[in-house]
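Grab a viewer and work through these exercises, each with a solution you can follow step by step.

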Amino acid sequence: MTSQDITIKIIDRNGQSHEVLAPTDMNLNIMELVRMYELAPEGTIGICGGMAMCASCQCYVLNDISLPEKGDDEEAMLSEAFNVKPNSRLGCQIQISENLEGLEIELAPEA
């Protein structure tokens, strides 16, 4: 673990919890982190490549960590997505930074 790594807890679509180290110095987002650790089957997350156009990376934020505000694209996509909850976010729109230390998320069910 380097000083740039933070710990994020991700509950996969099978309900299994994973504590993963997330590098803060690689300009990754949550969707890319899920792919990196293969916590969702290939082809079921990040289908649009992180452009906020498909909602396949929707996740639920489970704890009170300060996240960047939702942008217009993210708001629009979530308004059309399935299984949306008040704590829904698109993983591709959450950049990994040191502020996310301790973040807990749950992957939304596949639409």
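**Exercise 1: a charged pair**

Glu-74 and Arg-89 make a salt bridge, with their closest N and O atoms 2.8 Å apart. Glu-74 sits in helix H2 and Arg-89 in strand E4 (residues 88-90), so the pair ties together parts that lie 15 residues apart in sequence. Before going further, note that this is a predicted model, in which local features need pLDDT of at least 70, side-chain atom pairs count only at pLDDT 80 or more, and totals for chains, interfaces and linings use all residues. Residues are numbered from 1 along each chain as its sequence is written, and side-chain values use heavy atoms, with hydrogens and water left out.

Task: work out how many salt bridges the structure holds, and whether Glu-74 and Arg-89 are buried or exposed.

Solution.
- Step 1. Start from the criterion: a salt bridge is a side-chain nitrogen of Lys or Arg within 4 Å of a carboxyl oxygen of Asp or Glu.
- Step 2. The background is simple: side chains of opposite charge can pair when their charged atoms come close.
- Step 3. Count them up, and the structure holds one salt bridge.
- Step 4. Now check the cover: Glu-74 and Arg-89 are both buried. Buried means under 20% relative accessible area, exposed means over 50%, and partly exposed is in between (1.4 Å probe, protein chains only).
- Step 5. Helices (H or I, at least four residues) and strands (E, at least two) are DSSP runs, numbered from the N terminus.

**Exercise 2: the partners of E1**

Task: find which strands pair with E1, and in which sense.

Solution.
- Step 1. Use the pairing rule: two strands pair if DSSP finds at least two bridges between them.
- Step 2. Take E1 (residues 5-11) and E2 (residues 17-23): they run antiparallel and are joined by seven bridges.
- Step 3. Pick out facing residues: Asp-5 is opposite Pro-23 of E2, and Ile-8 is opposite Val-20 of E2.
- Step 4. Look at the turn: the E1-E2 hairpin has five residues between its strands, and Gly-15 there adopts a positive phi near 85°.
- Step 5. Move to E5 (residues 104-107), which pairs with E1 in the parallel sense over three bridges. Here Lys-9 faces Glu-104 of E5.
- Step 6. Finish with the surroundings: five of the seven residues of E1 are buried, so the strand is largely enclosed by the rest of the structure.

**Exercise 3: two surface patches**

Task: list which residues form the negative patch and which form the nonpolar one.

Solution.
- Step 1. Patches take residues with over 30% relative accessible area and no salt bridge; like charges are joined within 9 Å, and nonpolar side chains (Val, Leu, Ile, Met, Phe, Trp, Tyr) within 5 Å. Accessible areas come from the Shrake-Rupley method with a 1.4 Å probe, and for residues only the protein chains shown count as cover.
- Step 2. For charge, Lys and Arg count as positive and Asp and Glu as negative, while His and the chain ends are not counted. Each charge is placed at NZ of Lys, CZ of Arg, CG of Asp or CD of Glu.
- Step 3. The negative patch then consists of Glu-69, Asp-72, Asp-73 and Glu-75. Glu-75 belongs to helix H2 (residues 72-80) and is partly exposed at 42% relative accessibility.
- Step 4. The nonpolar patch is made by Leu-21, Met-36 and Tyr-37, with about 240 Å² of accessible area together. Tyr-37 lies in the loop between helix H1 (30-36) and strand E3 (58-61), and its relative accessible area of 34% makes it partly exposed.

**Exercise 4: positive phi outside glycine**

Task: compare the settings of Asn-27 and Ala-52; which residue is buried and which is exposed?

Solution.
- Step 1. Asn-27 is not a glycine, yet has a positive phi of about 55°. Ala-52, not a glycine either, has a positive phi of about 60°.
- Step 2. Place them: Asn-27 is in the loop between E2 and H1, and Ala-52 in the loop between H1 and E3.
- Step 3. Check accessibility: Asn-27 is exposed at 60%, whereas Ala-52 is buried at 7%.

**Exercise 5: sequence versus space**

Task: how far apart in space are Ile-96 and Met-26, C-alpha to C-alpha?

Solution.
- Step 1. Locate Ile-96 in the loop between E4 and E5, where its relative accessibility of 5% counts as buried.
- Step 2. Ile-96 and Met-26 are 70 residues apart in sequence, and their C-alpha atoms are 8.5 Å apart.
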